[in-house]
Amino acid sequence: KDGNQRAREKFEQAIALDPNYARVWTGLAYTYTRALRLGFTDDREAATQKCMEAARRAVALDETDSDARLTLSRALWFEGQMGNAIAEAFRAVELNPQNSMASWSLGHILYLGGRAEEAIPWIEKALDINPLDPRNYVVKTHLAVAKLCVGDYEAAAELGRASARQRPDYTESRITL
């Protein structure tokens with residue numbers, strides 16, 4: 001929580017220096033997505049609004065930035081705009097097909113939106129693009145949940161075990177075991 005707050009302060013300082021640099025707005029929005037996802041805020045509505053404002057500003061400054069689109073997708077998801085969130089995630093992947101985070105997030109949002117079968121190839125692509133990403137335990141867990149949703153229980157259990165081996169303290173991986 002403290003690190004996320006320090007990062008937010010640094011992005012705000014960078015914005016004060018150059019308010020027309022899209023990447024710092026993307027970074028600022030990302031700190032709000034982390035706060036929302038990890039429960040680092042007491043005012044979810046205000047954090048969601050600030051996240052959306054920063055993400056929209058990033059996209060307005062550089063509509064071809066895959067990471068800006070991805071962050072806008074997450075902000076839209078937090079606002080409950082699932083269709084728009086999925087559209088922005090697709091746009092993020094279109095802009096940079098090698099952005100593993102965009103592929104992973106697209107798959108994650110798709111299965112959250114009830115489209116697990118469609119999600120699986122995107123999450124698998126994220127693992128293919130960046131097989132050594134130290135966060136792959138989360139990606140594997142999301143893939144496991146998508147596999148659960150389509151009834152592939154054996155694959156889901158194996159992915160859950162692989163995630164747990166990679167990061168034993170990550171308790172979410174146990175949902176599929």
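The exchange below takes up some helices of this predicted model and the reasons behind the words used for them.

Reader: Why is helix 1 called roughly antiparallel to helix 2?

Author: Helix 1 (residues 2–17) and helix 2 pack at an angle of about 155 degrees, with their axes 9 Å apart. Angles over 145 degrees count as roughly antiparallel, and therefore helix 1 is described as roughly antiparallel to helix 2. The crossing of these two helices, helix 1 and helix 2, is left-handed.

Reader: Which residues of helix 1 and helix 2 meet, and what classes does their contact have?

Author: From helix 1 come N4, A7, R8, F11, E12, A14 and I15, and they meet V24, W25, G27, L28, T31, Y32, R34 and A35 of helix 2. Sorted by class, the contact of helix 1 with helix 2 has nine nonpolar, three polar and three charged residues.

Reader: What makes A22 count as buried?

Author: The relative accessibility of A22 is 7%, and buried means under 20%, so A22 counts as buried. A22 is found in helix 2 (residues 22–38), and, leaving aside its neighbours within four places in sequence, A22 is in contact with A58, L61 and D62. The C-alpha atoms of A22 and D42, which lie 20 residues apart along the chain, are separated by 27 Å.

Reader: How do you know that helix 4 is roughly antiparallel to helix 5?

Author: The axes of helix 4 (residues 66–78) and helix 5 (residues 82–95) come within 8 Å and cross at roughly 165 degrees. Set against the cut-off of over 145 degrees, that angle makes helix 4 roughly antiparallel to helix 5. The contact is made on one side by S66, R69, L70, L72, S73, L76 and W77 of helix 4, and on the other by M82, N84, A85, E88, A89, R91, A92 and L95 of helix 5. These residues divide into nine nonpolar, three polar and three charged, and the crossing of helix 4 and helix 5 is left-handed.

Reader: Why is helix 6 said to be largely enclosed by the rest of the structure?

Author: Of the 13 residues of helix 6, 12 are buried, so helix 6 is largely enclosed by the rest of the structure. Among the buried residues are M101, W104, L106, I109, L110 and Y111, and what covers the buried residues of helix 6 includes helix 4, helix 5, helix 7 (116–129) and helix 8 (136–149).

Reader: How does the reach of helix 6 compare with what is expected at 1.5 Å a residue?

Author: Helix 6 (residues 100–112) reaches 18 Å from its first C-alpha to its last, which is close to the 18 Å expected.

Note on methods. Residues numbered from 1 in each chain as written. Predicted model: local features only at pLDDT ≥ 70, side-chain atom pairs only at ≥ 80, totals over all residues. Heavy atoms only, no water. Axes fitted to C-alpha atoms, helices over the stretch in contact; angles between N-to-C directions. Helix = DSSP H or I, 4+ residues; strand = E, 2+ residues; numbered from the N terminus. Parallel < 35°, antiparallel > 145°, perpendicular 65-115°, else oblique. Left-handed = near helix turned anticlockwise from the far one by under 90°. Contact = heavy atoms within 4.5 Å. Nonpolar A, V, L, I, M, F, W, Y, C, P; charged D, E, K, R; others polar. Expected span 1.5 Å × (residues − 1). Buried < 20%, exposed > 50% of the residue type's maximum accessible area, 1.4 Å probe, protein only.
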